[in-house]
Amino acid sequence: METSMVKKIRPVLQGGSVMRERIYKALCRRFEAEQEDALLKIDLLLSGPAPTVMVDHIDITKEIDQLLGKLADSAEKMAKLRQYFGTN
């Protein structure tokens, strides 16, 4: 069952127009960048040198949990974009 949001954007992203491809690619790049940003920050928190973690940053596990949420959210958005609108 399609959500109302899918029904609204499907006409924009369907078809073979140049604009459709540009929007699709822009969204893919955005989601990829969000995922890469989250992974980089998690890597820095987990394996970076001690100065990487700020002294006043007490709850590192909470920060990593939030970053994992952003990573999962971006991955889910990318999957839905490809599921409903992708050709690859």
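Reader: Which are the buried residues of H2, to start somewhere?
Author: The buried residues of H2 are Arg20, Tyr24, Cys28, Phe31, Gln35, Ala38, Ile42 and Leu45, where buried means under 20% relative accessible area, exposed means over 50%, and partly exposed is in between, with a 1.4 Å probe and protein chains only. This is a predicted model, in which local features need pLDDT of at least 70 and side-chain atom pairs count only at pLDDT 80 or more, while totals for chains, interfaces and linings use all residues. Residues are numbered from 1 along each chain as its sequence is written, and side-chain values use heavy atoms, with hydrogens and water left out.

Reader: How many helices and strands are there in the protein?
Author: There are 3 helices and 0 strands in the protein, which gives the pattern α-α-α when read along the sequence; helices (H or I, at least four residues) and strands (E, at least two) are DSSP runs, numbered from the N terminus.

Reader: Back to H2, then: how far does it reach from its first C-alpha to its last?
Author: H2 has 30 residues and reaches 43 Å, close to the 44 Å expected at 1.5 Å a residue, the expected span being 1.5 Å times one less than the number of residues in the helix. For H3, with 26 residues, the span should be 38 Å, and its end C-alpha atoms are 37 Å apart, which agrees.

Reader: And which residues of H3 are buried?
Author: In H3 the buried residues are Ile64, Leu67, Leu71, Ser74, Met78, Leu81 and Phe85.

Reader: Which residues make up the largest nonpolar core?
Author: That core has 6 residues, namely Tyr24, Cys28, Phe31, Met78, Leu81 and Phe85, a nonpolar core being a set of buried Ala, Val, Leu, Ile, Met, Phe, Trp, Tyr and Cys residues joined through side-chain atoms within 4.5 Å. The elements that give two or more residues to this core are H2 and helix H3, residues 60-85.

Reader: What is phenylalanine 31 in contact with, leaving aside its neighbours within four places in sequence?
Author: With those neighbours left aside, phenylalanine 31 is in contact (heavy atoms within 4.5 Å) with Ser74, Lys77, Met78 and Leu81.

Reader: Why does glutamine 35 count as buried?
Author: Glutamine 35, which is found in helix H2, residues 18-47, counts as buried because its relative accessibility is 19%. Apart from its neighbours within four places in sequence, glutamine 35 is in contact with Leu71, Ser74, Ala75 and Met78. Glutamine 35 and leucine 67 are 32 residues apart in sequence and 9.1 Å apart in space, C-alpha to C-alpha.

Reader: Changing topic, what lies over the face of tyrosine 24?
Author: Arginine 20 lies there, at 5.5 Å from the ring centre; a charge sits over a ring if NZ of Lys or CZ of Arg is within 6 Å of the ring centre and within 35 degrees of the ring normal. Tyrosine 24 is itself buried, with a relative accessible area of 6%.

Reader: How many aromatic pairs does a search of the whole structure find?
Author: The search finds 1 aromatic pair. Its rings belong to tyrosine 84 and phenylalanine 85, with centres 6.3 Å apart and planes at 55 degrees, so the pair is tilted. Rings of Phe, Tyr and Trp (its six-membered ring) pair if their centres lie within 6.5 Å, and planes under 30 degrees apart count as stacked, over 60 as edge-to-face and the rest as tilted.

Reader: Are those two residues buried or exposed?
Author: Tyrosine 84 is partly exposed, with a relative accessible area of 25%, whereas phenylalanine 85, at 6% relative accessibility, counts as buried.
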